[in-house]
Amino acid sequence: MTAKRLVDCIGRRLRQIDPNRWETVPITFQTKFLDQLGRVDFRTIINIHDAIEQEFGIEIKDKAALVIDMESAFAIVNHHHDAL
């Protein structure tokens, strides 16, 4: 249930902030949030942090954790088990 909720909230945010890039991309548990060259895309990551914080009511310490894929997002949410 948490993974589906996470995929949904991140998918909504990505399509909202950058529809040209994300509208046709299926957001799954295997999705990586890197740019086309495989580098960290900080704009996307910041928006993902915001989406997760709002959806689950948690605070992600940006300097301590970069959400570069769905698995790291899930690990952060799981770490904050109170948010579930």
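Here are three short exercises, with worked solutions, on a predicted model.

**Exercise 1.** Find which residues form a nonpolar patch on the surface, and classify isoleucine 46 as buried, partly exposed or exposed.

*Solution.* Start with the members: the patch is formed by Val40, Phe42, Ile46, Leu66 and Ile68. Together they have about 410 Å² of accessible area. Next, place isoleucine 46, which lies in helix α3, residues 42-56. Its relative accessibility is 48%. Partly exposed covers the range between 20% and 50%, so isoleucine 46 counts as partly exposed.

**Exercise 2.** Work out how many aromatic pairs there are, then describe the geometry of phenylalanine 29 and phenylalanine 74.

*Solution.* The count comes to two aromatic pairs. One of them joins phenylalanine 29 and phenylalanine 74, with 5.6 Å centre to centre and 75° between the planes. Planes over 60 degrees apart count as edge-to-face, so this pair is edge-to-face. Now locate the partners: phenylalanine 29 sits in the loop between α2 (19-22) and α3, while phenylalanine 74 belongs to helix α4, residues 70-79. With 45 residues separating them, the pair links distant parts of the chain. Finally, check accessibility: phenylalanine 29 has a relative accessible area of 31% and is partly exposed, and phenylalanine 74, at 22%, also counts as partly exposed.

**Exercise 3.** Locate glutamate 23 and state how far it is from glycine 11 in sequence and in space.

*Solution.* Glutamate 23 is found in the loop between α2 and α3. Its relative accessible area is 48%, so glutamate 23 is partly exposed. Glycine 11 is twelve residues away from glutamate 23 in sequence, and the C-alpha to C-alpha distance is 8.9 Å.

Key:
Residues are numbered from 1 along each chain as its sequence is written. This is a predicted model: local features need pLDDT of at least 70, side-chain atom pairs count only at pLDDT 80 or more; totals for chains, interfaces and linings use all residues. Side-chain values use heavy atoms; hydrogens and water are left out. Patches are made of residues with over 30% relative accessible area and no salt bridge: like charges are joined within 9 Å, nonpolar side chains (Val, Leu, Ile, Met, Phe, Trp, Tyr) within 5 Å. Accessible areas come from the Shrake-Rupley method with a 1.4 Å probe; for residues, only the protein chains shown count as cover. A salt bridge is a side-chain nitrogen of Lys or Arg within 4 Å of a carboxyl oxygen of Asp or Glu. Helices (H or I, at least four residues) and strands (E, at least two) are DSSP runs, numbered from the N terminus. Buried means under 20% relative accessible area, exposed over 50%, partly exposed in between (1.4 Å probe, protein chains only). Rings of Phe, Tyr and Trp (its six-membered ring) pair if their centres lie within 6.5 Å; planes under 30 degrees apart count as stacked, over 60 as edge-to-face and the rest as tilted.
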